[in-house]
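Biologist: Got a minute to go through the inside of this model with me?

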Amino acid sequence: MSWDRPGAESAAPVETETDRAPVDGADVCVIGAGPAGGIVADRLADAGREVVVLEAGPRFDPADRLARQERAIRPAYDRPAVWDSDPERDAYSSSSDRFYPLNFTRAKGVGGSTLHWQGMVMRLHEDDFDSASVRGVGSDWPIDYEDLRPYYAAAERELGVAGADDNPFAPPREEPHPMPPFPPSYSDSLFAEACEELEIAMHSVPNARNSEGYDGRSACVGYGTCEPVCPAGAKYDATVHVERAEEKGAAVIDRAPVQRLEHGPDAIDAAVYATPDGAEHRQTADAFVIACGGVETPRLLLLSDSSHYPDGLANSSGVVGKFFMEHLFAGTGGILDERTRQNHVGFLTSESHQFYDDADEEIAPFKLEFLNYGGPAALEMAPPAMALEGDDWGDDLLERLRTEYGNHVGVGALVEQLPREDSYIGLDPDRTDDRGNPVPDVHWTIGDRARRTIERANEIQREILAELGAEITWQVGPENTGPAFHHMGTTRMGDDPAESVVGPDLRTHDLENCWIASSSVFPTGGAMNPTLTIAALALKAADDVHAAL
């Protein structure tokens, strides 16, 4: 048996003769080529606007995705290596009491976070938009569910969502999902029996992956490495919209990290970006859309301070970087005395929102996730994994795999974290990146409400596993919880310019030609995966930019 890594080293960014010079006469400069930036660029290019997209990372060759999958499944590689993380370029600090592992899921490049995401796409519930009024904590959004509802429907069509109208707790819909849902897994059927006894409702999970051919992309073929790489292209990623925007005339400049935004008191004049040859360029435009995510967006604004904005661009409110939010994970798992047929489907097929709208001042909204695999990967049980002894080869290894693999079950949960001023993204005064800029410093706090909610989720998870007759072997609770890597809230949306960064139209209060399309504008995070809401807000922002030009 050989443990060489065939093909793993061949994955490399696309080397092209890209012209990285500024585009003359641009109507719109979009900063960031992830899902928000890609959708904005496509929408505006389709409307006939001259669009240029500046992306800090490289353009990856789709032909290399099998090699990247090889990295993903080999223990010799850590997860950041799959998408070529650069320790100097991606340097950061985490100076709060609780360490935040920012780089574990960062992917800089054309496609952004959707290169490695799991692909679940739920709409926020109606009460999520009115948390302060309905639940007594958090903030109200300046828009409500009905304002975003048509954009949610459009976003589901743009991403390609497979789902069913079987969730009795979901907000109202106006049309079916574009594709039928993925069928429940075998282990879902085991959970369903236990949940029926406990009167816990289960329903399908909407996924941004093709259950059938859609938009020129194939149906899912079951590689099982959705997170962090889909070799088939069945799972949506933002290269779909970036390439579509290019076909309509948009210019995309990769490896062009924006260093700062030059501006006067009321408007941005130019985005100053660096190129691999060490040069700096100025991209001018009539409008600028910042779509760099919940960490890099506030960082860019803070790096663009001036005499007009001494505390950071668009920061007359003083809240740029503040109210950093995450979704917290709670989970419980164990083993059964039977084969569960669990395998690495790579995504969830069943969940429960039954307890979501019970949220109040004491308990946050949370959703249960019925994991399609809750144990170690077979690869983790094979050489050179540290858990094996030297004699674990041949028949002994096969017997261990038969007895210890495939009988696990697990239930997860996502939990809301409230916006807090002491949870924020700042600049590290002592550490710089490869361009000499201060790196982001993540201050992450959780709060007692989230801890209580994690305990509540753990209680329900234990009840389900007990009903199954499982032996519990692991639990993620309040003390060992971790983030879902959903960065939200750092340039919050609101009506009052003294307490927010952007208005309901996603335009900054301070600058007449600057919009922000990102989860950073979320006033609260709810407990739903954020990408569908990001896409919906990006469509809304694009419409407003087009109307303003």
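Modeller: Sure, what follows covers a helix, the nonpolar cores and the cavities. This is a predicted model, where local features need pLDDT of at least 70, side-chain atom pairs count only at pLDDT 80 or more, and totals for chains, interfaces and linings use all residues. Residues are numbered from 1 along each chain as its sequence is written, and side-chain values use heavy atoms, with hydrogens and water left out.

Biologist: How many residues of α7 are buried?

Modeller: In α7 (residues 293-303), 10 of 11 are buried. Buried means under 20% relative accessible area with a 1.4 Å probe, protein chains only, and helices are DSSP runs of H or I, at least four residues, while strands are E runs of at least two, numbered from the N terminus.

Biologist: What do those buried residues pack against?

Modeller: Several strands, including β5 (258-263) and β13 (424-432). Contact is heavy atoms within 4.5 Å.

Biologist: Switching to the largest nonpolar core, which residues touch the most other members?

Modeller: Val51, Leu54, Leu159, Leu261 and Leu537, out of 93 residues. A core is a set of buried Ala, Val, Leu, Ile, Met, Phe, Trp, Tyr and Cys residues joined through side-chain atoms within 4.5 Å.

Biologist: And which helix gives the most to this core?

Modeller: Helix α10 (residues 531-548), with 10 residues.

Biologist: What does Leu159 touch?

Modeller: Not counting residues up to four places away in sequence, its contacts include Trp117, Tyr236 and Ala535.

Biologist: Is there a second core, and what does it include?

Modeller: A separate core of 35 residues includes Leu368, Val415, Trp444 and Phe485.

How values were computed:
Buried means under 20% relative accessible area, exposed over 50%, partly exposed in between (1.4 Å probe, protein chains only).
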